[in-house]
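Visitor: Please take me through one part of this model closely. I would like to see the nonpolar core and what surrounds it.

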Amino acid sequence: MKKIVFFAGPLCFLMLGSFTASAQNRVTEATEGGVLARGSETMPVQKNMDLQPGDVLKTGEKCQVDISMQNMAGCRILSGSECAVITSSPESMELKVMTGNVILNLKKLPKGSTFKVETPTAIAAVRGTQFWGRVDNQQSEDPVTTFAVRQGSVVVQTKKDGQIFALEKGQAIDIPLSSAAPFIRPALDEEMNAMEQADSIPTGA
């Protein structure tokens, strides 16, 4: 009797741990029209759907999707956007925005944990912060990345030449693929207003 209890206890613990770990990265809200691509499969995006590295989320014209990573990062993928989960461990979380707009709400990350956002022209590294990222592909030969910060700070590195920019609250930057030199500017009113919704983006699943 005692042996059965002894072995069953750890087994239950491991099963619970596995379930909890799988629930750390998932869709927290979704309106109709979103699609998740996983390998060769595509499926409608639904609330509480688990996410895996490599998943690509695409939102339609009137769709938006909220995702949570490791109970520390919340991301709202706005309409007409495409975003991929690159890594999703507690130590390394990374999203890739191919086109469209995302708004992020991050808790302050513990030591040893990183969160990055990659775009066609830049990589942003962040800790506890609220910010907005956009990839404008209207000119496919010269995509432009925009980052704007509502709270905290964001360190941005350009892919073209490795320049590093540190953005603080109320600042923004536009980074084209072309030779045009990026520079830090005040965030526009419309950018600051758009980022107000960051407070409503859940960081936990």
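Guide: What follows starts with the whole chain and then moves into the core.

This is a predicted model, in which local features need pLDDT of at least 70, side-chain atom pairs count only at pLDDT 80 or more, and totals for chains, interfaces and linings use all residues. Residues are numbered from 1 along each chain as its sequence is written, and side-chain values use heavy atoms, with hydrogens and water left out.

The pLDDT is the predictor's confidence in each residue, from 0 to 100. Its mean over the protein chain is 89, and 88% of the residues reach 70 or more. Residues 1-22 fall below 50. Beyond near neighbours in sequence, that stretch has one contact in the model (heavy atoms within 4.5 Å).

The protein chain has two helices and 16 strands. Both are DSSP runs, numbered from the N terminus: helices are H or I with at least four residues, strands are E with at least two. Of the 205 residues, 42% count as buried. Buried means under 20% relative accessible area, exposed over 50%, and partly exposed in between, with a 1.4 Å probe and protein chains only. Among contacts between residues at least 6 apart in sequence, 47% join residues at least 24 apart.

Now the core. A nonpolar core is a set of buried Ala, Val, Leu, Ile, Met, Phe, Trp, Tyr and Cys residues joined through side-chain atoms within 4.5 Å. The largest one has 38 residues. Leu95, Leu104, Phe115, Phe131 and Phe147 touch the most other members. Strand 8 (residues 92-106) gives this core its largest share, six residues. Another core, of nine residues, lies apart from it; Leu78, Trp132, Ala148 and Ala187 are among them.

Take Leu95. Leaving aside residues up to four places away in sequence, its contacts include Ile67, Met69, Leu104 and Phe115. Leu95 also touches Cys75 and Cys83.

Those cysteines deserve a check. A disulfide is a pair of cysteine sulfur atoms within 2.5 Å. The structure holds zero disulfides. The sulfur of Cys75 has its closest cysteine sulfur in Cys83, 5.1 Å away, so it is too far for a bond. Cys75 is buried, at 1% relative accessibility. Cys83 is buried too, at 1%.

Next, the strands around Cys83. Two strands pair if DSSP finds at least two bridges between them. Strand 4 (residues 56-58) and strand 7 (residues 82-88) pair in the antiparallel sense over three bridges. Here Leu57 stands opposite Cys83 in strand 7. Strand 7 also runs antiparallel to strand 8, joined by six bridges. Ala84 stands opposite Lys96 in strand 8. Strand 7 and strand 8 form a hairpin, with three residues between them.

Back to two of the phenylalanines. Rings of Phe, Tyr and Trp (its six-membered ring) pair if their centres lie within 6.5 Å; planes under 30 degrees apart count as stacked, over 60 as edge-to-face, and the rest as tilted. The structure holds one aromatic pair. It is formed by Phe131 and Phe147, and it is tilted: 6.1 Å centre to centre, with 50° between the planes. Phe131 lies in strand 11 (residues 130-136) and Phe147 in strand 12 (residues 144-151), so the pair ties together parts 16 residues apart in sequence. Both Phe131 and Phe147 are buried.

For contrast, look at Gly39. Gly39 lies in the loop between strand 2 (35-38) and strand 3 (41-44). Gly39 is exposed, with a relative accessible area of 77%.
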